[in-house]
Amino acid sequence: MKPNTQYRLFLVEAHELYQSVPNVCFEGNFKLQEVFDCGERGDKLITATSDNGSLLCPIRRGPHVTWRYAYSGDNRLQERDYEEIVFEMDSKWQNIKIAKSREFGNVLLLDDVVMLGESDLVYTETLLGIGRNEFKDKTVLILGGGDGGVLHELLKMSPAYVLMAEIDEEVIKACSKHMKRVCGKTLEKLDGANFKIKICDCVLELKEALNTGTAYDYVINDLTEDIVDSEKHSFEHQFKTSSKVLELSMKILKSGGKYLARHAGCDGSDIEEEKIHNPC
């Protein structure tokens, strides 16, 4: 085993959350062998062995909830610790799941991609730049943000007005009920004294703001990595949409305003390469 080496493990299923196994990465050839089977319960313990026969790591397949293993941008094996699915539905736009994790609380997944866990306050605080940005008496537009985390934290800082443009109302409803540690009671109503939740395509909301001359102190991009209904769209369409969101956001900022977003991280290298070879 060596860290930071490539591997592929798409055929193995497991039931767990992004809990990187420290320094476990596969190099060369390996094979999987089932060593334990509990029959009706569905528990399985599978080991991965290298081409020289040495044991690399155990791979578990747990009861009730089955998930594929994944790998991170720095090539670490990831497993998930979900105990049950507490909510699932197919909305007009995407599959919505909320899974119960032993370590991370309830976790929101859209089209089986992890969005946010109840323990992920650090994500929201980092996106907002707590300690670097001042939101008191400021106007803010949130793009996406259906889990309510960004809106919930912003309202603690007395902004003048916050508009949240979220396309999928079912995400809001699910998180309001099952992600209380993220959003509190914030999503229980669509408007308040200094905020409004608008169910709409955020690109259309950006265009409307531009056409009406509405400007904001902050625009916060809390959209998913992939656009909704992503399987029907090409990467080119996805990148053009992201570029359009950035372009429109910059045009509706007040003088000195800020656009806040997060990058895809280490595993976004393929996106960066695509941008270099196929700029829009």
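**Reading the sheet, the hairpins and Asn221**

In this predicted model, 6 strands make up an open sheet of mixed pairing, arranged in the order 15-16-14-13-17-18.

User: What makes strand 15 and strand 18 the edge strands of this sheet?

Analyst: Strand 15 (191-192) and strand 18 (253-260) each pair on one side only, and these are the edge strands.

User: How do you know that strand 13 and strand 14 pair?

Analyst: Two strands count as paired if at least two bridges are found between them; strand 13 (residues 139-144) and strand 14 (residues 161-166) are joined by 5 bridges and run parallel, so the criterion is met. Within this pair, Leu143 stands opposite Ala165 of strand 14.

User: Which helices pack on or lie across these strands, and at what angles?

Analyst: Helix 1 (residues 121-128) packs on the sheet, where it touches strand 17 (216-222) and strand 18, and its direction makes about 140° with that of strand 17. Helix 5 (residues 202-212) lies across strand 13, strand 14, strand 16 (195-199) and strand 17, and runs at about 150° to strand 13.

User: Why is strand 11 said to pair with both strand 10 and strand 12?

Analyst: The cut-off is at least two bridges; strand 10 (residues 95-101) and strand 11 (residues 105-110) share 6 bridges in the antiparallel sense, while strand 11 and strand 12 (residues 113-117) share 4, also antiparallel, and therefore both count as pairs. Ile96 stands opposite Leu110 of strand 11, and the bridge partner of Val107 in strand 12 is Gly117.

User: What links these strands in sequence?

Analyst: A hairpin of 3 connecting residues joins strand 10 to strand 11, and strand 11 and strand 12 form a hairpin with 2 residues between them, where Asp111 in the turn has a positive phi of about 50°.

User: What makes strand 11 count as mostly covered?

Analyst: In strand 11, 6 of its 6 residues are buried.

User: Why is Asn221 called buried?

Analyst: Buried means under 20% relative accessible area, and Asn221, which is found in strand 17, has 12% relative accessibility, so it counts as buried. Asn221 touches Leu127, Leu143, Val245, Tyr259, Leu260 and Ala261, leaving aside residues up to four places away in sequence.

User: How do you know that the side chains of Asn221 and Tyr259 make a polar contact?

Analyst: A polar contact requires a pair of N or O atoms within 3.5 Å, one able to donate a hydrogen and the other to accept it; the side chains of Asn221 and Tyr259 are joined by such a contact at 2.9 Å. The side chain of Asn221 also reaches the backbone nitrogen of Leu223, at 3.0 Å.

Conventions:
Residues are numbered from 1 along each chain as its sequence is written. This is a predicted model: local features need pLDDT of at least 70, side-chain atom pairs count only at pLDDT 80 or more; totals for chains, interfaces and linings use all residues. Side-chain values use heavy atoms; hydrogens and water are left out. Contact means heavy atoms within 4.5 Å. Axes are lines fitted to C-alpha atoms, for helices over the stretch in contact, and angles run from 0 to 180 degrees between N-to-C directions. Buried means under 20% relative accessible area, exposed over 50%, partly exposed in between (1.4 Å probe, protein chains only).
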